[in-house]
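Visitor: Hey, can you walk me through this one? I'm new to reading structures.
Guide: Sure, have a look and ask away.

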Amino acid sequence: MTTIVTDNCKGCRFTDCVTVCPVACFHADDNMLYIDNLVCIQCSACIPVCPVHAIYADDDIPEDKRNWIDINAERSQALPTISDKQDPLPGAEERKTALGF
Amino acid sequence: MDAPGTVSNPLRVAVVGAGPSGFYAAEALLKSGQTVRVDMIERLPAPYGLVRYGVAPDHPKLKEAILVYAVIARLPHFSLLGNVAVGRDVSVEELRAHYHGVIFACGAETDRRLGIPGEDLPGSHTATEFVAWYNGHPDYRERSFDLSAEVAAIVGQGNVAADVCRILAKSVDELKATDIAEHALDALAESRVREIHVIGRRGAAQAKFTNKELKELGELPSCDAIVDPQDMELNAESIAELEVKSNFVSVKNVEIFRALAARGPTGKPRRIIFHFLQSPVKITGTARMEQLVLARNRLEGAPLQQVARETGETDLLRCGLLFRSIGYSGVPIPGVPFDVRRGVFPTQEGRIVDGGGAVVPGLYAAGWIKRGPTGIIGTNRADSIATVKSLLADLPHLAPETKAGAEVLGPLLAARGVRVISVDDWLKIDTAEVARGQPRGKPREKFTRVAEMLQCLGAS
């Protein structure tokens, strides 16, 4: 089972997901977040709270976003954990509107 | 005298309840940078609240949240006082005397009532009772459920309803390698339930299941999931709801329901039948429940604000077993204000307030007893962090004197004949449960009586 963050997070980083994660499995760089599936308990709490629907699980992962499975696995190991909500990136609201949310 | 939170005057906080919100509150306190001592008081000898006694046994991955709490329990300056009931073994007044602050994280322990005639006929149960029973909760050990009826109904379309539905729909072979309580497995082995009606008052586009739980109901090995294609003819407002991009959970749910409607029965031995736009209005029967009277509803209101209104027509469903899963309610504790209507401790930013809206100094709430039974495990983390933030902001106004916490409370409880369970005691119980499970191929076989848990610790 796999839950991943995909490219809709890039340039937004609303971090609502982090506040509902029971096990602190999110990792962050300056652009977006990544999930460590070795820690994630697949509770799916983060999926509905993402304002830009960047998070997908298992067979709901769209075909054109499956490359993010490996990216999440690699980046989450290399980056620090983020367990508190942070301000969204500048321009996040505009980007959210542009994405249609 | 230094303010609480300093080396000469450590901040002493009692956290009441050892479920997710209690542990997240404890973690936030212990990582706050203040000099702090956290005593977690739990009514049962076993910690972890609804992760142990609520999360379904066939969702072992979700139970791994416990690993995070086990780490918090080993942090310095954390103590567990298990097998201690606030209001019975110790009063709220005493806690206020021995702690600078008390955080209630005791959850919502009882079900909301439907408030319809016949609700208490034998065969009509709350989902809470059933969930606690199959998870081996000591308070529900002596309950019994007559599973001899072929037709069962579940009122509610959220994740608790989905859990109850799966436990009824799965064969014993599908459950025997989980940590389901032995007494429940034995009873389920004799179950004659073949048809499970899952009833929602609104439509398919408003069902509260998460995608994952709903999908799972459609993919059970020995149970079909049936949706009437007519129920998928949505009203214009519901169609408009599905156009809203942020409503993606409902969009996916409707997609899953449509696929089930298109598939129809495949001949599996058991069947789940989804009902929409129906509300129970009466349960009838003589010695036990025999029939459920359902009012038909239509939706009224703007998209995303639609409510169910009865049309005046009714349907009858013959069923011998009913589980109501329409939400939980908190239970009052003497000495703490209680909002009867909402079933919570009334709060402002986590601070408990009295009937007049005035803050009761030193009392706080977190989790379901604060905001009502919404969200899932992780939702409580942000909630508990917010409450702890309020408590820390209040430090200058809390009682300035030093408090003794468990150093006084421990001996006091011992003098009252209470066997207080520490983290080390719990680890012994935990180890024994895992060992009991091993020969049966189960991750653990829970002790389902408090006496058994205490017995496993010897006479000490």
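Visitor: Okay, in what order do the elements of chain A run from the N terminus on?
Guide: Going along from the N terminus, chain A reads β-α-β-β-α-β-α-α. That comes to 4 helices and 4 strands. Keep in mind that this is a predicted model.

Visitor: Got it. Why is chain A called as compact as a globular protein of that length?
Guide: Its radius of gyration is 12 Å, and the globule rule gives 13 Å for 101 residues; those values are close, so chain A is as compact as a globular protein of that length. Along the principal axes, the C-alpha atoms of chain A fill a box of roughly 35 × 30 × 20 Å.

Visitor: And what share of the residues in chain A count as buried?
Guide: That's 41% of the 101 residues.

Visitor: How about contacts inside chain A, how far apart in sequence are the partners?
Guide: Take the contacts with a separation of 6 or more: residues 24 or more positions apart account for 77% of them in chain A.

Visitor: Switching topic: how many residues of chain B are in contact with chain A?
Guide: 19 residues of chain B, and they meet 16 residues of chain A.

Visitor: Which elements of chain B give two or more residues to that side?
Guide: Helices H3 (65-73), H9 (211-217), H11 (248-263) and H13 (379-393) of chain B. H13(B) gives the most, with 3 residues.

Visitor: What kinds of residues make up that side of chain B?
Guide: The side of chain B that touches chain A has 9 nonpolar, 5 polar and 5 charged residues.

Definitions and conventions:
Residues are numbered from 1 along each chain as its sequence is written. Chains are lettered from A and ligands numbered from 1 in the order in which they are written. This is a predicted model: local features need pLDDT of at least 70, side-chain atom pairs count only at pLDDT 80 or more; totals for chains, interfaces and linings use all residues. Two residues are in contact if their C-beta atoms, placed from the backbone, lie within 7 Å. Ala, Val, Leu, Ile, Met, Phe, Trp, Tyr, Cys and Pro count as nonpolar, Asp, Glu, Lys and Arg as charged, and the others, Gly among them, as polar. The radius of gyration is taken over C-alpha atoms; the globule rule is 2.2 Å times the number of residues to the power 0.38. A residue is buried if 20 or more other C-beta atoms lie within 10 Å of its own, exposed if 12 or fewer, and partly exposed in between; C-beta atoms are placed from the backbone.
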